[in-house]
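This report describes selected features of one protein model for a reader new to structural biology. Please keep the sequence and the structure in view while reading.

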Amino acid sequence: MSVGQITLSSITKRFGDTVAVDDVSLQIEGGEFFSLLGPSGCGKTTTLRIIGGFVYPTAGEVFINGELMAETPPYRRPVNTVFQNYALFPHKTVAQNIAFGLQMKKLPKTEISHAIERSLDLIQLPGYGERKPNELSGGEKQRVALARALINEPTILLLDEPLSALDLKLRKQMQLELKALQRKVGITFVYVTHDQGEAMTLSDRIAVMNEGRILQVGMPSEIYDSPQSRFVADFIGTSNFFEGTLISTDGELAEVVSNTKPPFKFVCEHRENITVDTPVTVAVRPERIDISAEPNSDLPNCLRGVIQDESYLGTTQQYTVQTDYPTPLIIHQQNIGVKGVNRFKQGDTVYLQWATESATVLRSD
């Protein structure tokens, strides 16, 4: 067993008639950067608080480093928490905020002073010890909150949407710093966020939650490339969806016929044990669809359409295309080479095609 390992066994938490966490089982390995991702109200923060001991589960068990936590209070767990609002003491200096936990342990002043200096170096704020929180930027406050949590040398750090109050540019910068910090200290980070991009950037693994349940756990690439439900495919990034029925399978290939009139036939990879005649959803990512002025006979899936709208997104061009399929499709084409070359405009007739491995067949929710 690795230090910093967390095991949740059949955790349920009820608040009156509301089930906030519903039979969640999960193992987080020591040293992982693990994210709990989902929309507001999905149970991710409650799950984090159960790990930290701020909330006790209605049913189920929590193990940290192989030890049953039962009703062990937060201060007796090898865990510290960084909150969304930083929770710094406004009347204390940066050094006093960072030192708070060590002062509670009544460590010698010299030892505390050395620990503060090491912490300020770790968060790249040397010389900031005498400043007050109101003299710091949002990013600096977040670093101080991290230093205060890490100075007690926990084996696990819990982070509850710690970057959500920052503007977009600073949040991106802090994501990189946070990931580098986790690699440097080498402890387990459990991170709560509703931001898909943030989870994909930071995490070794992600648990996608909805309505109190974990829908899928995996590395970012697994979650994105092989979603196991329509919710996951829709929540992580963008997908085009086609509703239909699985009509045949041949090894790793599956044929799906849409529910539309006229029907369309799609050939996809058969990644799940779904039987013939089952209602399914075909999901295709916008960047996996080839858009061209002429059809390509090498690609089996083809829809003819007209561009309704096009948007320049910097590295990509986004097209909204209306085909004979009722729902408009979103396509992302990478911008490469000379500006303005090989772009389509509104009203152009185009062909949308994709390979079998670019489509995911899902059970209809």
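In which loop is P262 found? P262 lies in the loop between β12 and β13. The model is a predicted one, and the description below begins with this loop.

**A hairpin with a cis peptide bond**

Strand β12 covers residues 253–258 and strand β13 covers residues 265–269; the two pair in the antiparallel sense over five bridges. Within this pairing, V257 stands opposite K265 in β13. Together β12 and β13 form a hairpin, with six residues between them. The peptide bond that joins K261 and P262 is cis, with an omega of about -5 degrees. As background, most residues other than glycine have a negative phi, and most peptide bonds are trans.

**Positive phi values**

Some residues of the model have a positive phi. Three of these residues are set out in the table.

| Residue | Phi | Location |
|---|---|---|
| G53 | about 90 degrees | just after α1 |
| K106 | about 60 degrees | just after α2 |
| E153 | about 55 degrees | loop between α4 and β7 |

K106 has its positive phi in a residue other than glycine, and it belongs to the loop between α2 and α3. Is K106 buried or exposed? The relative accessible area of K106 is 72%, and a residue counts as exposed when this value is over 50%; K106 is therefore exposed. E153 is likewise not a glycine. At 68% relative accessibility, E153 also counts as exposed.

**An open sheet and helix α1**

Strands of a sheet pair through backbone hydrogen bonds, either parallel or antiparallel. In this model, four strands form an open sheet in the order β2-β1-β4-β5, and the pairing is antiparallel. The edge strands are β2 (18–28) and β5 (67–68), each of which pairs on one side only. Strand β1 (residues 6–15) and strand β4 (residues 59–64) run antiparallel and are joined by five bridges. At one position in this pairing, T12 stands opposite A59 in β4.

Helix α1 packs on this sheet and touches β1, β2 and β4. The direction of α1 makes about 120 degrees with that of β1. Helix α1 (residues 44–52) is mostly covered, since seven of its nine residues are buried. The buried residues of α1 are K44, T46, T47, L48, I50, I51 and G52.

**A parallel pair of strands**

Which sense of pairing, parallel or antiparallel, do β6 and β7 show? Strand β6 and strand β7 (residues 156–160) pair in the parallel sense, over four bridges. In this pair, T81 stands opposite L158 in β7.

In a regular strand the side chains alternate between the two faces of the sheet. Strand β6 (residues 79–82) follows such an arrangement: V79 and T81 point one way, N80 and V82 point the other way, and all are buried.

**Helix α2 and its partners**

Helix α2 (residues 94–104) has V94, A95, N97, I98, A99, G101 and L102 as buried residues. An α-helix has 3.6 residues a turn, so residues three or four places apart point the same way. The buried residues of α2 pack against two helices, α3 (109–122) and α4 (138–150).

Two packed helices are described by the angle between their axes and the distance between the axes. For α2 and α4, the axes come within 7 Å and cross at roughly 30 degrees. Angles under 35 degrees count as roughly parallel, and α2 is therefore roughly parallel to α4. The crossing of α2 and α4 is right-handed. On the α2 side, V94, N97 and I98 take part, and they meet V144, A147 and R148 in α4. By class, this contact of α2 with α4 has four nonpolar, one polar and one charged residues.

How do α2 and α3 compare in their packing? Their axes lie 10 Å apart, at an angle of about 125 degrees. This angle makes α2 oblique to α3. The crossing of α2 and α3 is right-handed. The contact involves V94, A95, I98, A99, L102 and Q103 of α2, together with I112, A115, I116, S119 and L120 of α3. By class, the contact of α2 with α3 has nine nonpolar, two polar and no charged residues.

Conventions. Residues numbered from 1 in each chain as written. Predicted model: local features only at pLDDT ≥ 70, side-chain atom pairs only at ≥ 80, totals over all residues. Heavy atoms only, no water. Buried < 20%, exposed > 50% of the residue type's maximum accessible area, 1.4 Å probe, protein only. Pairing = 2+ DSSP bridges. Contact = heavy atoms within 4.5 Å. Axes fitted to C-alpha atoms, helices over the stretch in contact; angles between N-to-C directions. Parallel < 35°, antiparallel > 145°, perpendicular 65-115°, else oblique. Left-handed = near helix turned anticlockwise from the far one by under 90°. Nonpolar A, V, L, I, M, F, W, Y, C, P; charged D, E, K, R; others polar.
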